[in-house]
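Reader: I am new to this structure and would like a close look at the spaces inside it. Please take me slowly through them and through what surrounds each one.

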Amino acid sequence: MSLWNKRLQNCVSLVTVVFLVTACIHYYGFHTITQESLEAASLARQLHSSYNPYAITHLLYRHLNREDVTLGDSRGLYFHWDDWVDLSPGDRVLNRYREWYPGGQCDMAIERFAGVNGYWMESHDKKVLRGMANMYCSMPIPEKVFVPIDSAYLEVPVVAKHRLGPGKIPTAIGKRQVLEKMAQLQTNIAIENQGSSPIRHLQKTVHIHPSEFIFDPEIEIAKLESKLAVGVLAPQDHQYLEFLKHANQLVETSDKYFKYPWIISDVIQGRSHHLAYPFFKGFISDRERQSVIHHMVRAWFQFAELQGFASWINYGSLLGWAYNGVNMPWDTDIDIQMPIRQLDRMGRYFNKSIVVEDPRYGNAKYFLEVAPTYVKQGNGRNFIDARFIDINSGLYIDISALSHTTFEPPQNVVPDQEHLTMVNCKNWNWHSLEELLPIRHTYFEGASVYIPHNVTQILSRKYGQDSFTTKLNFMGHNYQKDLRLWVPDRECKTPPSGSRFDNRGELTREGACGSIYVQDEYDITKECSQRHLELNGDLDVPRNYDTLKMGDLPIFRKDPWDYLNDINKGEVTNDRWYVRQQVVA
């Protein structure tokens, strides 16, 4: 009897364990996090944080106006991630170190905690704490900061790692004070005739020489070593030689360079897979993500054009453009391509740079990082060659280099390949230069960007013929042609009959299925989609237009921090993201 009872107890225990494990997998793996709860979490994080992004930007302009020496000296800037990013989600771990070491130093205990690989599986809260500690203690500081003024960017070197802390950074700063210091700097630069990089408008078309797609690290190493042998190698070229030799070996054994946070409760749905570690602070709502992307794509193309790098959107981002000129609402990043030799130059001179968003439009700071594994295909673990990361959210632009290699493309990729120049990225996406070049100007999210020459050929091969012609339902959204908008099924699955607009052409609440969300998104996207419709009736042969006369459209989405702050401070009576911020021509 006792043996039977023991077996019964073991069976009951086993069934209980299986039940609990199954229940946990079901809850964490398939539990839907609502958009309302995600926005509430962002509001709570912002409300309980004293961080103000205007403060460090204001101090930055004061330093460049030579009014303040707190942020640096005559050589350049002092930098600590705790001054530039809201690390308050890590306060439970970091506050004691801020008190013990006000300058931002760390001891071995927190260094060990911060140094664990981002792919280590753990809980959401532990992962956030570890990421914040990693930024505070372990993450290398940038090498330079690019600061916008009215018509140019200033390049400012970073000379030391040093934390200022809230005691030395005034927090009662708003947009007006920042813009005053920005205007003052513009005047000072003009008077002193200091060096700066003037902002350049994107060109109508860009012809890229095929040689820009050819890069062999071993050939580059041989060239540099031959110069070294005769004593004519400059110090910066010697440093580049050492990097190439290191990278050429590293690429064969390296784990993934760019990491996202692995979280136990997120294994199945993978919400965190498009947020960069260690910047991850938590999941954010779709609309907050759309705002970050809206601002980020404009900043990237302005910076790339400024520095003379040719890049263009492709894949999912290009598919979104084909429909209505904006990113698809479920897409979590922007896909960018560029020639490998240009990416090599970008890595040499601009790796680990901070790019400050024009404060007239938003509070973002972006971190440009180039993976050392870009040099060749390697072991196949690194598909992404560089990222342009929003440091406050961890959202990013993925940048892939295209190379002409010795690998043979599949025969069904492009017809008549023997007469074409083929290039590929590390994820084995193939293109002919004839379909890519010359890249051409268009508008995406209202901003000037570049796209490939032959859009329909690329999209048809990648996604199928109906991907941008007849496919009107995808990812829980339906495309409503009269609104030129992807609408979530939960908001409006079946458009109402009859007129949806009032006599002023505004979308009515009834026309929006009673949804404030749909009204707001229509207001945000309507000018972008209207321009796209007018210019791109034929996706491959756009209507002729003057890029300077037409100009970029305004910013239509509020800066995320401003949006959350306005609601928390009671400065608005609604939760709409729409804004119409004109941009400087």
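Author: A good place to begin is the second largest cavity, which has a volume of about 100 Å³. Of the 16 residues that line this cavity, Val326, Asn327, Glu521, Thr525 and Arg557 are the closest to its centre. On a 1 Å grid over the protein atoms alone, a cavity is a set of points where a 1.4 Å probe fits but cannot get out, while a pocket is an open set with protein on both sides within 12 Å along at least five of seven lines; lining residues have an atom within 4 Å of a point. A volume is the space filled by probe spheres set on the points, which are joined across faces, edges and corners.

Before going further, please keep in mind that this is a predicted model, in which local features need pLDDT of at least 70 and side-chain atom pairs count only at pLDDT 80 or more, whereas totals for chains, interfaces and linings use all residues. Residues are numbered from 1 along each chain as its sequence is written, and side-chain values use heavy atoms, with hydrogens and water left out.

At least two residues of the lining of the second largest cavity come from each of helix H11 (286-307), strand S19 (485-488) and helix H16 (516-535) (helices, H or I with at least four residues, and strands, E with at least two, are DSSP runs numbered from the N terminus). The biggest share of this lining belongs to H16, which gives five residues. Sorted by class, the lining has eight nonpolar, five polar and three charged residues (Ala, Val, Leu, Ile, Met, Phe, Trp, Tyr, Cys and Pro count as nonpolar, Asp, Glu, Lys and Arg as charged, and the others, Gly among them, as polar).

By the same rule there are four cavities of 30 Å³ or more, and the largest has a volume of about 470 Å³. This largest cavity is lined by 29 residues, and Lys281, Glu288, Asn392, Ser393 and Trp561 are the closest to its centre. Two or more lining residues come from each of helix H2 (35-47), helix H11, strand S10 (365-370) and helix H18 (560-568). The classes here are 13 nonpolar, nine polar and seven charged residues.

The domains help to place these spaces. The protein chain is divided into domain 1 (1-31), domain 2 (48-198) and domain 3 (235-251 + 284-581), with bounds that come from an automatic or database domain assignment. The C-alpha centres of domain 2 and domain 3 lie 27 Å apart, and the contact between them takes 30 residues from domain 2 and 24 residues from domain 3 (contact means heavy atoms within 4.5 Å). Domain 2 and domain 3 each give at least three residues to the lining of the largest cavity.

An open space also involves both of these domains. The second largest pocket holds about 620 Å³ of space, and of its 26 lining residues, His201, Gln302, Asp552, Val584 and Ala585 are the closest to its centre. H11 and helix H17 (547-550) are the elements that give two or more residues to this lining, and H11 gives the most, with five residues. The lining divides into 10 nonpolar, nine polar and seven charged residues. Because domain 2 and domain 3 both give residues to it, this pocket lies between them.

Strand S10, which contributes to the largest cavity, also leads to a residue worth a closer look. Asp385 sits in the loop between S10 and strand S11 (386-390), and with a relative accessible area of 0% Asp385 is buried (buried means under 20% relative accessible area, exposed over 50%, and partly exposed in between, with a 1.4 Å probe and protein chains only). Beyond its neighbours within four places in sequence, Asp385 is in contact with residues that include Phe258, Leu343, Val370, Tyr374, Ile399 and Lys426. Leu343 is itself one of the buried residues of helix H13 (residues 340-350), alongside others including Ile340, Met346 and Phe350. Just after H13, Lys352 takes a positive phi of about 60°.

Finally, an unreviewed UniProt entry places the feature "domain: LicD/FKTN/FKRP nucleotidyltransferase" at residues 308-406; UniProt positions are given in the numbering used here, feature names are shortened, and annotations may be inferred rather than shown by experiment. The span 308-406 is 21% helix and 30% strand, and its end C-alpha atoms lie 28 Å apart.
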